[in-house]
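Colleague: I'm new to reading protein models. Could you walk me through one, feature by feature?

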Amino acid sequence: MLTAEDKKLIQQIWGKLSGAEEEIGAEALYRMFHAYPPTKTYFPHFDLSQGSDQIRGHGKKVVAALGNAIKNMDNLSQALSELSNLHAYNLLAVLSPVFALQFLSQCLQVVLATRLGKEYSPEVHSAVDKFMSAVAAVLAEKYR
Amino acid sequence: MVHWSAEEKQLIAGLWGRLSAEQCGAEALARLLIVYPWTQRFFDNFGNLSSPTAIVGNPKVRAHGRKVLTSFGEAIKNLDNLKGTFSKLSELHCDKLHVDPENFRLLGDILIIVLAAHFSKDFTPACQATWQKLVGVVAHALAHKYH
């Protein structure tokens, strides 16, 4: 469960990254495709080279969605409802959403850590990890 | 057997040469205990683990973190025989310590984040990919003797 302190830390960190959302999203996705090749199977129609328009575009979308979730941390289920439906019904068969999203969470955290260094403290790390788990759980809600 | 390209070996050795086993080990273990609090159950006799500050400052956590990373260093020297290198440790973690191997994966991921925070832009996507592979095979080798 996200505590009040967790939420505060997440909002603070997110505030620090304002303006760099597209880069962060693109980098997280690129790292995910590179470190976890099976994740590429969900994007056969994408140009997955570093800096591609499609990775930038999708990265921007992902981070915008996370930003929206962060503004609505008290009601993640509702905030992410559309996306949950989208991932469940419209996209190509995502076998195990929670599993796949773990890789995105890891890569997003790596990007945050490279940018924030010491500021990505254990407390911040913990809060972000919990938040990404909560997001994954909500997105997986509609699967079955 | 896992295959390592020359580039991968370089990315591993390059980073390893630039880090302190004590510092990174202590940090990684502390974060494991903080981010995944249920792992504290394996460290009953470590004393005060009551808060992130207590955990980070705990000398037993530092010492054990160093031990873990030093052992990791052995893996790096023996990339072509990880299962052999970790055979005894695998038995220990199964028979005496009763640690679910899933925890090795968690620690591996945390180590990656510690490296990212330390090395910043130098921790490139290629670097991350290689190290994710490394922590994965180490975790696998540590789980190998479980029965």
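Modeller: Sure, let's go from the whole chain down to a single residue. This is a predicted model, where local features need pLDDT of at least 70, side-chain atom pairs count only at pLDDT 80 or more, and totals for chains, interfaces and linings use all residues. Residues are numbered from 1 along each chain as its sequence is written, chains are lettered from A and ligands numbered from 1 in the order in which they are written, and side-chain values use heavy atoms, leaving out hydrogens and water.

Colleague: How many helices and strands are there in chain B?

Modeller: Helices (H or I, at least four residues) and strands (E, at least two) are DSSP runs, numbered from the N terminus. Chain B has eight helices and zero strands. The radius of gyration (taken over C-alpha atoms) is 15 Å, close to the 15 Å from the globule rule (2.2 Å times the number of residues to the power 0.38) for 147 residues, so chain B is as compact as a globular protein of that length.

Colleague: And what does the UniProt annotation say about chain B?

Modeller: The unreviewed UniProt entry carries "domain: Globin" over residues 3–147 of chain B. Such annotations may be inferred rather than shown by experiment; positions are in the numbering used here and feature names are shortened.

Colleague: Which residues have the most contacts inside the largest nonpolar core?

Modeller: In soluble globular proteins, nonpolar side chains tend to be buried together. A nonpolar core is a set of buried Ala, Val, Leu, Ile, Met, Phe, Trp, Tyr and Cys residues joined through side-chain atoms within 4.5 Å. Buried means under 20% relative accessible area, exposed over 50%, partly exposed in between (1.4 Å probe, protein chains only). The largest core here has 95 residues, and those with the most contacts inside it include Phe131(A), Phe72(B) and Trp131(B). Helix H7 of chain B, residues 102–119, gives the most to this core, with twelve residues.

Colleague: Is H7(B) largely enclosed or open?

Modeller: Largely enclosed by the rest of the structure, because 15 of its 18 residues are buried. Just after H7(B) comes Ser120(B), with a positive phi near 50°.

Colleague: What does Phe72(B) touch?

Modeller: Contact means heavy atoms within 4.5 Å. Not counting residues up to four places away in sequence, Phe72(B) touches Trp16(B), Leu111(B), Trp131(B), Leu134(B), Val135(B) and Val138(B).

Colleague: Last one: is Ser90(B) buried or exposed?

Modeller: Buried, with a relative accessible area of 0%. Ser90(B) sits in helix H6 of chain B, and its contacts beyond four places in sequence include Ala141(B), His144(B) and Tyr146(B).
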